[in-house]
Structure formats: C-alpha cells, structure tokens
Amino acid sequence: LAWVGVADASYGFLTRMNRDLVAQQLHTELAALLGHGTSRERLTRLEDVLRPMYVSLPKKKDGGIDQGMARYALNRYFSAHRGWHITGISYDGKRWNESSSTTLLKSEMPAFIVEVLEEHVAHKRLGLGELAVLAATVEDLVHSEAFELLSMAYEAQNLSIHEALEDESQEDRVMMTFVLFYLMPWTQKARNDSSALDRAIKRAYRNRDWNLAMLWSDDLKGAIKYESQVGHNPFSKTSAHFGTYPLMSRLVEQFIDGYGMFQDNQCRELKNVLMDLEGWERNDGRVLLSNFYSPYLQDVHHYFLERPEYLRNLGSLDETDPNRPSVIVPNYLYGRNFCMATDSGIQSFCCVDQCNALMEALERSIAHPVASPGLIAELVEALPSDTVAAPRNLSSSLRWKLDTIAEQHGGHVPLHGRLFAQWMHHAFPNECPQPRAPGTTEAPMTHGEWEARQNTSSAVSKAEMQNLTDLAADLEGLACQDETCMLWTQEEEL
C-alpha cells in the first residue's frame, strides 16, 4: 500500500475503450445466459453469489431492478468478492441512480454497459440473470485491459506473444514486468528503454508491497502448474512453465481476480494498528486526530500522514466536536487513499468493505427489501464481526434509532437506504462506514487526484501535526467514546 499516491495520471493506460468491443462482449454474455457450457456455468456461479442481495433489492413494477440498483449491486459485488473499485460503478459523489455523461470515456464505460443491456432486454425486466451478465461483462473488460498490459510486458522484454517462452526465466521476466506496469502504472514509460526498465524492477524489489505481489504471483503459478500436471506422466523431465501466451493470460487473469483479496490482509493489519491508537475499549470506530498523527511524531511508523482537508474529502473526518476531530476508521480504510493500480484502467484494488459481508448475512435471512425493526434487531444481535462479539444485547440507543427509521417508513426499515447504512455504522462502527451527508457531490479522490485538484500535498506537515496534537492535549476531560455520542442525522436517501 506504500505506492498509493505516487502515480502520474499522464501514464494511465488506454485513454478510451472501443464501444463495439464492449457491445460484443456483452452480446457474448447474453448469449451464454440462454445457452450452455462453461460461459453458462460462469453465469450460474455469479447468480448464486448475487442472489441473496438481488432478492432483497427494491424492485420496479415489472419485478426487476433499475439502473441505479444495478450499479449499487455491482459495486457491492466487486468490492466484497474481488476487492475491486470500478470507475463508473463505484461511488463517485452522485446518487446511485444518477446518469453519467454519454461521452464514452473509459471511466463511463460501465454505465454504457448497463445502457446497452437495457436496449437488448427492451421492455423486459432487469433480473438476476441480466445482473450476472453485467458482472461478467465488467470482469471481461477488466481482463481485457490486463491482457493489453501483458502484451506490453512481452514487448518490453523484446518477446513475441506469438512465440512460446523458452524457459522459466523468461516467464518470470514477463510476469515481473506485468505486475510492475499494473500496480505501478507510471513505470510504463520505461517500456521502450531496457535499462530504465531494469532499474524500475530493481527499485520495486526494495518495496514490501511489491514483494508481497510477487509472492502472490508465485503462489498462483505453483497452484496452476500443479493442476496442469495432474494426469500427466510424473516422471517426465519436461520443464513445466507458462510457455504460451494463452497460459500466461490465464495466470494474469487469476492474478487480477485474486490479488484484491490477498492484499486485503494488509488492510486488516492497518485496521488493528488504527484501533490500537485508541485502545480496544473504545467502541465508536474513531481515532482522535492527535492520536492518528502520534506514530509519525514519535517516529514509530509513517502510515498516517493525510492532512485534515484530504480526510474530509474521503468522508473519514468526524468534526462533530471541532476541538477534537477524529478519523472514522472504516471510512479511512475503505477510502481511495489505499487503492492500488489506480491509473491502470477502469479497475483498481482497494480495501475490502467488511460491511458487505454483514449486509449479505442480513439479506440472506430477510430476503426482502424491508424488515421490521424487531426482526433486524434479533438478527443483528446474533451477528458477529471482527470486533463485535455475538450474541449480544443491543443498546437502548440502537433500538430507538431503529424504531425511528421504521416510523419514517410505515413501520418497516428499508435495508438499502442511507438511514439503515448509518444505523449499521453505529451497530458495527469498525466495519461499516458512516454514510456521507446528503447532498455531498464531491467524489472521494486518490492522493494523486486530490493533489492535482488542490495543487498541494495530501500529506500534512510535521509542524501542523504537532499543532493539532498540542491543541488536543490542552483540552480538559475525555471525549465521549461510545455509540450514544456518535453523529446521527435523520436525512434519508433511498
């Protein structure tokens, strides 16, 4: 995660995507929806994963979901099961059902996919099968971009995709170059300079995150080679390596599909580091800003350097008490500040939103867009998380807030509204993020995007860190540290 914020957007790969290519891939997936074989099996697997969420989503009169709900569902699927942020699908400051521009820039291609699908289904409903088609098509686009980078890696190593690799050494060089280009996109400018490329790879090997990425790659290679050798002569002296471009493509595809979940282990480590700054007895999912900066000031580590203005853009700064601002743990962890490969295409790797797993558990049990506050309370009391033990008794404050939501909606709680998302943050403050205030239109940005917009660093100066820490130290008493004191607003968005 140390690479975040360093990339120069001018080296982003592929400035535009081909409309016809996207439509063709969508047509292929639609055909599979009605057919058989491996593609149909893939869609069946996607339907099985999406079904609990889909059943609980609000439906139109025709029994299907609208474009906004499709975008919401896809965002949750890719975040929870891939660790992916998809530009054009993930939250961008707009409501889920707001339309994107028709300009077919790369960032708007996922919205275009939904529009093309709606054209094909005409007046038919957008059902579970069509949602699976959308997910498969976005995955196809992500894989296509990765294959383009793989071809670039071959070219950078003066190798042809039409000829087999000679040995494992060439295989390793191609894969190292691909990972370099994918996770550190600014290094793509060295693709035509072998000396510069070698220097970039050597520098990358001094980076902990790079070594973890290559460890993941090596593990994948070992697993795939083992599978391919099953049924072959165990005494064969033939060296097993990814000799052909199709085999390398298979490796790259599995790298992209699994790396987000692999690197999320680092996110969980950071979560523990954050919580240790306040002590495990605090249960409001917040860290005082002065404590947030203390490890840097004490030269313990340099993880947490973001200035308050940038934290505010991420939606991770709680200023309910302006004299004691706090960092909201899940909002900070799930923010664009920790995303990797942000300039490689429509997809980047971000920390996995742990609230999605909790929501999926509730959706599987409720199987309806709304539920009574009593049923929700019963289910949540039995639902554990990394930091919340179960079974438990919900506080009177949490029960009251659940009842107030139901009062606004005829006695039932909508599961996919802003108020319930806010309630989940109160019930699981370290796993579920605080939803952004209604009317917030500024999209959360990466370090590089924010710095380009503000023309200043996203990191705070050491002097300002010290000033904020001194101010907090001068205040008497302790800040409220439990759920009853957390910000609660009555604004709803469905």
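This is a short walk through one protein chain, from its overall make-up to a few individual residues. The model is predicted.

Begin with the whole chain. It holds 18 helices and seven strands. Of its 494 residues, 53% are buried. Look next at contacts with a sequence separation of 6 or more. Residues 24 or more positions apart account for 73% of them.

Now turn to the largest nonpolar core. It contains 72 residues. Phe 178, Tyr 182, Leu 183 and Ile 256 touch the most other members. Many elements feed this core. α2 (38-56), α3 (67-81), β1 (84-86), α5 (128-156), α6, α7 (194-204), α8 (208-229) and α9 (245-278) each supply at least two residues. The most comes from α5, which gives 17 residues. A second core is separate from this one and has 26 residues, including Cys 355, Ile 376, Ala 427 and Cys 432.

Helix α6 deserves a closer look. It covers residues 168-183 and is 16 residues long. At 1.5 Å a residue, α6 should span 22 Å, and its end C-alpha atoms are indeed 22 Å apart, so expectation and model agree. The N-terminal end of α6 is capped by Asp 167. There, a side-chain oxygen of Asp 167 sits 3.1 Å from the backbone nitrogen of Ser 169. Most of α6 is covered, with twelve of the 16 residues buried. Gln 170 and Glu 171 are among them. The buried set also includes every position from Val 174 through Met 175, Met 176, Thr 177, Phe 178, Val 179, Leu 180, Phe 181 and Tyr 182 to Leu 183.

What does Phe 178 contact, leaving aside its neighbours within four places in sequence? Its partners are Ala 146, Leu 149, Leu 150, Ala 153, Val 252, Phe 255 and Ile 256. Ile 256 appeared above, as one of the core residues that touch the most other members.

Just before α6 comes a backbone feature. Asn 158 lies in the loop between α5 and α6. Its phi is near 60°, a positive value in a residue other than glycine. Most residues other than glycine have a negative phi. Is Asn 158 buried or exposed? At 69% relative accessibility, Asn 158 is exposed, because the cut-off for that label is over 50%.

Next, the sheet. Three strands form an open sheet in the order β2-β4-β3, with antiparallel pairing. The edges are β2 (286-288) and β3 (317-318), each paired on one side only. Two bridges join β3 to β4 (residues 326-328). In one of these contacts between strands, Leu 317 has Val 327 of β4 as its bridge partner. Helix α10 (residues 289-297) lies across β2, β3 and β4. It runs at about 70° to β2.

Further along, find Pro 391 in the loop between α14 (373-381) and α15 (396-408). The peptide bond that joins Ala 390 to Pro 391 is cis, with omega at about 0°. Most peptide bonds are trans.

The last stop is a set of loop residues around α17. Thr 446 lies in the loop between α16 (418-427) and α17 (447-454). Its relative accessible area is 6%, so Thr 446 counts as buried. Beyond residues up to four places away in sequence, Thr 446 touches Tyr 310, Arg 336 and Thr 342.

On the other side of α17, two residues share the loop that leads to α18. Asn 455 is found there, between α17 and α18. Its phi is near 55°, again positive in a residue other than glycine. Asn 455 is exposed, at 73% relative accessibility.

Ser 458 also sits between α17 and α18 (462-474). Why does Ser 458 count as buried? Its relative accessible area is 4%, and buried means under 20%. Which residues does Ser 458 contact, leaving aside neighbours within four places in sequence? They are Leu 305, Glu 306, Arg 307, Tyr 310, His 447, Trp 450 and Glu 451. Tyr 310 is also touched by Thr 446. Arg 307 is 151 residues from Ser 458 in sequence, yet their C-alpha atoms are 5.8 Å apart in space. With His 447, Ser 458 makes a side-chain polar contact of 2.6 Å.

Technical notes. Residues numbered from 1 in each chain as written. Predicted model: local features only at pLDDT ≥ 70, side-chain atom pairs only at ≥ 80, totals over all residues. Heavy atoms only, no water. Pairing = 2+ DSSP bridges. Helix = DSSP H or I, 4+ residues; strand = E, 2+ residues; numbered from the N terminus. Contact = heavy atoms within 4.5 Å. Axes fitted to C-alpha atoms, helices over the stretch in contact; angles between N-to-C directions. Expected span 1.5 Å × (residues − 1). Buried < 20%, exposed > 50% of the residue type's maximum accessible area, 1.4 Å probe, protein only. Polar contact = N/O pair within 3.5 Å; in protein donor to acceptor, adjacent residues only side chain to side chain. Core = buried A, V, L, I, M, F, W, Y, C linked by side-chain atoms within 4.5 Å.
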